[in-house]
Amino acid sequence: MTYATLSGVGIHTGQPCTATLTALPPGSGIVFETAQGTIPARAENVVETLRCTVLGSGGARLSTVEHLLSACAGRGITDLKITVDGPELPILDGSAAGWAEVLPQSPLVLRELTEPVIVTGRGGAFIACYPAEHLTVTCAIAFEHALVGTQVARFAPPAPTSEGDYAREIAPARTFGFIEEVQKLLDAGLAKGGSLDNAVIVYPDRYEPALRFDNELARHKLLDLLGDLYLTGFLPKADIIAMKPSHRLNCQLASLLSRTDLE
Ligand SMILES: [Zn+2]
């Protein structure tokens, strides 16, 4: 059964791309079908984490998988084939809302965690995962920027509490960039598909376009974290505290969780 076909541009390549989402039988996992071959959405297939999460297997390579995987995590989808015709998934509006909208809601896939798992990065960045009865994710970002400063977002499923409602509270949070960095990327021939239709640009004194949530930036980092963590195929029953997470750190954690003894 095909859920939907979504088209758009890739934010990094600027190339048009189309993705078709099809249900798979239980136990199949999430797999990307590219013209160059199949790539299972597994932590072991992460090949790059610089500006987005890039998966590769054999000769196949696919960029910016994190928003769709986040929607799968938030919707409890475990078995899905994504057929893509380009090197990158469409960025849509820069959030996971477009993906979450076309996927049905199933119970979240949670697994017991037997021991704490912690990864650390530069500048005080870390993600700590402590075994718990339920999943709770607290994500904080901190920038030396008058407008952004420190922001915190939380996800504590299940719905209908607002903190548990992935589709309404997390999925719509868009990707963002600081104007100085965006300009550098554009000068370097990167972020070719970026526009005000698919990213929030942070200026010294304003956001363009206007924010959807006061803490939309922290919510988006939480969205990315869920997507990268879902490279394990599940979400841990854990209290997760993420401070200044990045794709690199998220994927390190996913890799460790894939190997950790889980019940
Ligand atoms: Zn993102």
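β10 and β11 form a hairpin in this predicted model. Five residues lie between the two strands. In the turn, G123 has a positive phi of about 65°. The strands run antiparallel, and four bridges join them. Across the pairing, V117 of β10 stands opposite C129 in β11. β10 itself has two faces. V117 and V119 make up the covered face. I118 and T120 make up the uncovered one.

Both hairpin strands also help to cover a helix. That helix is α6, spanning residues 247-259. Its 13 residues reach 18 Å from the first C-alpha to the last. This is close to the 18 Å expected at 1.5 Å a residue. Several α6 residues are buried, among them L249, C251, L253 and L257. H247, N250, A254 and S255 are buried too. What covers these residues includes β10 (117-120) and β11 (126-131). The cover also includes β5 (46-48), β17 (235-243), α1 (66-75) and α5 (216-229).

Two of those covering helices lead to the metal site. H67 sits in helix α1 and H220 in helix α5. Which atoms coordinate the zinc ion? H67 and H220 each give NE2, while D224 is listed with OD twice. The distances run from 2.1 to 2.6 Å. Along the chain, the donors follow the spacing H-x152-H-x3-D. The pair H67 and H220 thus links distant parts of the chain, 153 residues apart. Both H67 and H220 are buried.

The geometry of the zinc site is irregular. Angles among its four donor atoms run from 53 to 148°. Four donors count as tetrahedral if all angles lie between 85 and 135 degrees, so this range does not fit.

Definitions and conventions: Residues are numbered from 1 along each chain as its sequence is written. This is a predicted model: local features need pLDDT of at least 70, side-chain atom pairs count only at pLDDT 80 or more; totals for chains, interfaces and linings use all residues. Side-chain values use heavy atoms; hydrogens and water are left out. The expected span of a helix is 1.5 Å times one less than its number of residues. Buried means under 20% relative accessible area, exposed over 50%, partly exposed in between (1.4 Å probe, protein chains only). Contact means heavy atoms within 4.5 Å. Two strands pair if DSSP finds at least two bridges between them. Donors are N, O and S atoms within 2.8 Å of the metal (3.2 Å for Na, K and Ca); water is not among the atoms, so sites may look incomplete. Four donors count as tetrahedral if all angles lie between 85 and 135 degrees; four count as square planar and six as octahedral if opposite donors are over 155 degrees apart and all others between 65 and 115; anything else is irregular.
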